[in-house]
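Q: Got a minute to walk me through this one? I'd like to start with how the chains touch.

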Amino acid sequence: MGQAIHLNGNGHHEQSFWTKYLFSTDHKTIGMQYIITGLFMAAIGGFLAYVFRMNLAFPGEAIPLFGELGPQQYNMLVTNHGMIMVLWVAMPILVSGLGNLLIPTMIGTDDMAFPTVNMLSYWIFLLSSVVLLASFFVPGGGFAGGWTLYPPLSAGAYADTSPDFFTALFSGTSLFILAVALEIVSMLMGGINFLVTTINKRAPGMSAFKMPVMVWFLCIASLDFMFSVAPLVAGAVMLLFDNILGTGFYDPVRGGDPVLFQHLFWFFGHPEVYVILLPALGVIGEIITVFSRKPLFAYRTIVKLSLIAAVLAIVVWAHHQFIAGIDPRMATFFSVGTIIISIPFAGVFLSYMATLWGGSIRFSAAMIWALGFIGLFLIGGLTGLFLGSNTFDIYAHDTYFVVAHFHYTLFPIVFFAFFAAFYYWFPKFVGKQLNEKLGKIHFWLTFVFFNGTFFLLFFNGLMGQHRRVHDYSLFSNVIQEPYITFEKISTVCAILLIVSQFIFLYNLVISLRKKERAPSNPWNAATLEWQTSSPPPHGNFPVPVKVYHGPYEYSNPSFSLDYVPQNYDERIMDTESKQDQYEPTADIISTT
Amino acid sequence: MSQQQTLSVPPKAIPQGRLGIWILIAGELVIFGGLIAAYLMNRLRYPDQWSEQAAHTSTFFGAFNTVVLLFSSYSIVRAHAAATRAQVNKVLVWMSITIGCGLLFLVNKTIEYSGEISHGFTMTSPRLQEAGNQIGSLFWSFYYTMTGLHGTHVLAGMVAMLIVMAGVRKGKNLHRVELVGMYWHMVDLIWIFLFPLLYIAK
Amino acid sequence: MLAFSIFPKNISTYGQEIDNLFWLILFFVTVAFVISLYVLLRPLFTNHYKKVPKARYITGEKKKHFRWITAALVLLALSDFAILFAEHPVWAKTQENIPDPDMHVAIIGRQWNWIFIYPGKDGKLYTADDLYIDEQNSGLHVPVNKTVVFDLKARDVVHSFFVAELRLKQDAIPGRTIKRWFKATETGKYDMACAEICGVLHSQMRNFLVVESQEQFDAYMNTLYEKYKTNQ
């Protein structure tokens with residue numbers, strides 16, 4: 001890593017090892033801590049998936065690296081796989097991790113608005129991960145009632161045995177809820193930081209529509225998250241009290257209502273999809289503009305459309321509950337809302353595709369990951385129309401059709417967008433160039449095996465295979481060809497999908513060991529984070545930057561340059577030297 | 001830090017701390033909003049059973065605590081006014097009064113709780129449940145959760161004020177008085193919602 | 001065509017309409033997918049930087065530039081509304097308008113079985129002579145081509161009544177009674193699953209829907225009367 005540069009007049013002090021890598025208030029270190037923790041949790045989530053996929057393909061057989069799998073453990077694995085992948089992988093990596101790395105560097109400032117709060121939010125997040133992992137090992141095992149936490153299953157687990165306070169507190173269920181609550185608190189603190197930083201700490205000249213679309217999307221996501229998650233905080237506290245104190249908020253016998261929790265949960269749960277989709281879209285927006293050397297098509301319209309979508313996202317939550325006993329007329333309203341939300345997002349995606357038209361496209365590793373994201377999310381989004389239609393949802397709800405659908409949305413969001421971001425920004429924040437060829441092999445293997453894992457499950461779902469079932473031997477529709485074979489194909493592909501990720505690890509290791517340092521702007525990008533050294537020094541910009549141009553000034557005929565950095569000042573900078581910089585770095589792409 | 005900030009903050013922006021607190025307040029209000037919405041939903045479902053239980057809450061203590069909190073809002077305003085004139089001693093006095101009010105509020109709350117608990121109204125109200133009044137016991141769960149969560153916020157506000165006061169004594173960070181004041185007003189505002197919902201509506 | 005059928009056999013009067021809805025949405029989705037894929041892939045083949053060294057500078061902020069996307073969005077909106085108009089009558093039929101029953105039963109989910117309550121000899125539910133069947137694999141026996149209305153309840157946690165062949169799924173919520181109906185058109189024995197995770201043995205929560213002729217059904221009811229006579 002780069003040496004700590006002491007910046008005079010910047011007020012940043014020389015850092016010891018501890019304050020630099022562990023208890024750091026530097027947004028870059030915190031961002032990387034989030035991403036590393038998120039990847040660690042992803043490995044755990046992936047292992048859980050491997051275990052229960054093995055069980056689905058080869059029921060009743062001992063699973064290598066795990067052993068026998070009972071129904072309770074099976075339920076626990078699917079539950080925790082879901083929650084880990086959404087709250088401990090997608091959120092820290094896409095929102096907190098990328099947000100921390102990118103917001104200050106993209107808007108041209110030294111750090112977050114509240115660096116100490118930022119550090120605190122990471123440590124609370126780490127604590128929540130530890131609490132979650134600890135919940136696996138308490139007596140009775142981890143929580144096993146589905147990641148949606150529906151009471152009374154999640155509330156009444158200990159009601160009959162009437163244990164004391166501490167037994168209930170240290171049950172898997174309580175620890176699970178506690179971990180979720182801590183995670184939410186940490187993300188809320190991060191969200192406040194993002195919003196204040198973006199509103200207040202932009203470099204001079206960085207007006208709203210000169211911000212890269214990534215910053216816009218991170219802020220919209222933070223806002224959406226704040227307003228949707230807060231009622232769930234109250235809901236989680238009530239659920240925790242039901243568990244450890246024996247109250248009856250969700251107990252119908254005592255006048256409580258289980259559906260209340262479903263509303264609170266999905267009021268958060270649905271916008272959550274957009275909370276993680278928006279940063280992913282931001283990543284893709286940055287990457288396709290750079291590698292097609294074109295401005296983002298209809299940038300302002302994209303921002304407006306996503307604002308509309310963010311508002312709509314808050315009022316469509318009950319489409320997860322079409323058949324949960326809500327009033328059928330209400331369901332019609334939510335169905336209309338859900339189907340209509342396809343329109344703004346289609347606008348955003350079509351604008352992204354329009355960016356490619358007339359471009360000069362370079363297929364770097366980051367670019368093909370981004371294109372893969374668009375292609376796969378297309379399938380995920382379009383299959384959403386089946387489920388958004390409340391009538392077909394009567395049949396498809398809680399079947400593998402739903403499972404396949406949301407993996408087609410969430411897997412591209414979490415992994416394709418993240419790897420795109422990783423291959424794109426790694427040279428900037430670590431200072432080493434990743435191997436492009438390995439990146440592309442990694443992409444193609446992931447792409448093929450991902451489709452192999454999930455595409456056939458659509459058919460299993462349409463045949464009526466319902467979710468979260470340990471053993472299908474009782475259900476004749478599922479126990480017939482070709483569905484048994486589909487399960488086996490899916491499992492084999494899932495294992496190969498996990499194995500393919502070792503290419504990524506290998507790439508990471510050999511790149512970190514490289515001696516040569518990455519150039520400061522290997523992709524010739526115009527946004528601010530590329531206009532400082534790689535990695536940026538503590539404080540990011542040795543000289544405070546001023547912004548004169550939009551974020552996507554590529555191939556603008558009114559300039560003699562191929563691209564115009566946002567802080568490019570015609571009066572000061574030398575045109576020739578900029579053009580020189582363009583040539584050697586173009587080779588990095590063309591050789592790969 | 002200061003030099004960097006003056007360069008990068010656009011001139012007319014809201015000060016950083018104030019903006020952060022505004023966003024925090026917005027989030028907190030939605031948290032309580034979720035809880036209040038859940039309460040109202042149940043209240044409308046069980047109008048009779050719940051108003052019968054609400055009659056057991058002490059309007060006197062509730063009203064007294066409202067007055068205490070309103071006065072504390074006044075005192076923190078005075079503290080802020082003193083802070084803008086950099087009168088450190090006055091700030092300390094008015095903040096101490098505010099903390100005293102918070103303490104008085106919590107003491108009242110404790111007395112009130114003990115009275116209710118001695119009558120068998122607890123988080124789960126087993127006595128009501130044995131009598132078959134399951135729905136009534138749910139009212140008390142809501143009562144303790146809402147006032148308890150609010151009380152936790154009062155306590156947090158007091159701790160925050162102590163931290164701010166430690167700085168103010170050394171003449172540092174006077175602007176934080178305003179920030180903690182804003183937070184305190186929010187705590188007050190939430191009580192203004194809770195008081196009629198839990199105490200007056202019978 | 002595919003060598004296997006996409007859906008399980010349909011035995012309810014409204015099942016075909018739900019299947020048709022799937023094909024309708026699939027049509028719109030396929031059209032949208034093919035168009036989008038073309039829009040995504042074409043520039044990748046034509047605009048490689050070796051063929052097109054300099055990109056065109058289009059910001060897309062002008063209405064003129066955006067018109068293709070506007071057109072696509074209008075098309076999408078039209079197909080959205082086509083879907084909504086096609087589905088709403090089916091939704092109203094299955095969920096909102098419960099027809100007059102030929103037979104009224106109650107189905108109760110518990111950990112981990114479906115309990116069936118048949119009306120007794122008086123033909124009315126919730127009277128003293130109700131038949132309360134809580135047996136693994138007892139089966140819900142219904143006569144063919146008769147409208148069956150059921151009250152769905154749950155005793156402990158959330159369950160979900162699911163018979164794939166009926167194209168019917170409905171959550172059972174503790175504390176609520178939810179009315180749904182079906183009319184089975186083919187005799188046979190079909191799996192009745194619980195589609196919402198309900199605890200350890202969620203995967204074992206299986207019973208049957210037994211659709212049989214009126215005579216067989218009457219015979220079954222008579223055996224039940226005999227069997228439970230002592231209880232009444």
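A: Sure. Two residues are in contact here if their C-beta atoms, placed from the backbone, lie within 7 Å. Keep in mind that this is a predicted model.

Q: OK, so how many residues does the contact take from chain C and from chain A?
A: It takes 74 residues from chain C and 76 residues from chain A.

Q: Which elements give two or more residues to the chain C side of that?
A: On the side of chain C that touches chain A, they are the helices α1 (15–46) and α2 (63–96), plus the strands β6 (159–163), β7 (168–172) and β9 (188–194), each of chain C.

Q: And which one gives the most?
A: That's α2(C), with 16 residues.

Q: What's the make-up of that side by class?
A: The side of chain C that touches chain A has 45 nonpolar, 15 polar and 14 charged residues.

Q: Now chain A against chain B, how many residues from each?
A: There the contact has 39 residues from chain A and 31 residues from chain B. On the chain A side, the elements giving two or more residues are α6 (172–200), α7 (213–244) and α8 (258–292) of chain A. The largest share, ten residues, is from α7(A).

Q: How does that chain A side split by class?
A: Into 24 nonpolar, eleven polar and four charged residues.

Q: Switching to the inside of chain B: at what angle do α2 and α8 pack?
A: About 15 degrees, with the axes 10 Å apart; α2(B) covers residues 16–45 and α8(B) covers 176–200. Angles under 35 degrees count as roughly parallel, so α2(B) is roughly parallel to α8(B).

Q: Is the crossing left-handed or right-handed?
A: Right-handed, as α2(B) passes α8(B).

Q: Which residues meet there?
A: From α2(B), they include Ile21(B), Ile25(B), Phe32(B) and Ile36(B); from α8(B), Met182(B), Met186(B), Ile190(B) and Phe193(B) are among them. By class, that helix contact has twelve nonpolar, one polar and two charged residues.

Q: Last topic, the sheet in chain C. What's the strand order?
A: β3-β2-β1-β5-β8 in chain C, an open sheet of five strands with mixed pairing. At the edges are β3 (131–133) and β8 (178–183) of chain C, each pairing on one side only. From one strand to the next, the twist averages 25 degrees.

Q: How many bridges join β1 and β2?
A: Five, between β1 (residues 103–110) and β2 (residues 113–118) of chain C, and those two strands run antiparallel.

Q: What stands opposite Ile108(C)?
A: Ile115(C), in β2(C).

Conventions: Residues numbered from 1 in each chain as written. Chains lettered and ligands numbered in written order. Predicted model: local features only at pLDDT ≥ 70, side-chain atom pairs only at ≥ 80, totals over all residues. Axes fitted to C-alpha atoms, helices over the stretch in contact; angles between N-to-C directions. Helix = DSSP H or I, 4+ residues; strand = E, 2+ residues; numbered from the N terminus. Parallel < 35°, antiparallel > 145°, perpendicular 65-115°, else oblique. Left-handed = near helix turned anticlockwise from the far one by under 90°. Nonpolar A, V, L, I, M, F, W, Y, C, P; charged D, E, K, R; others polar. Pairing = 2+ DSSP bridges.
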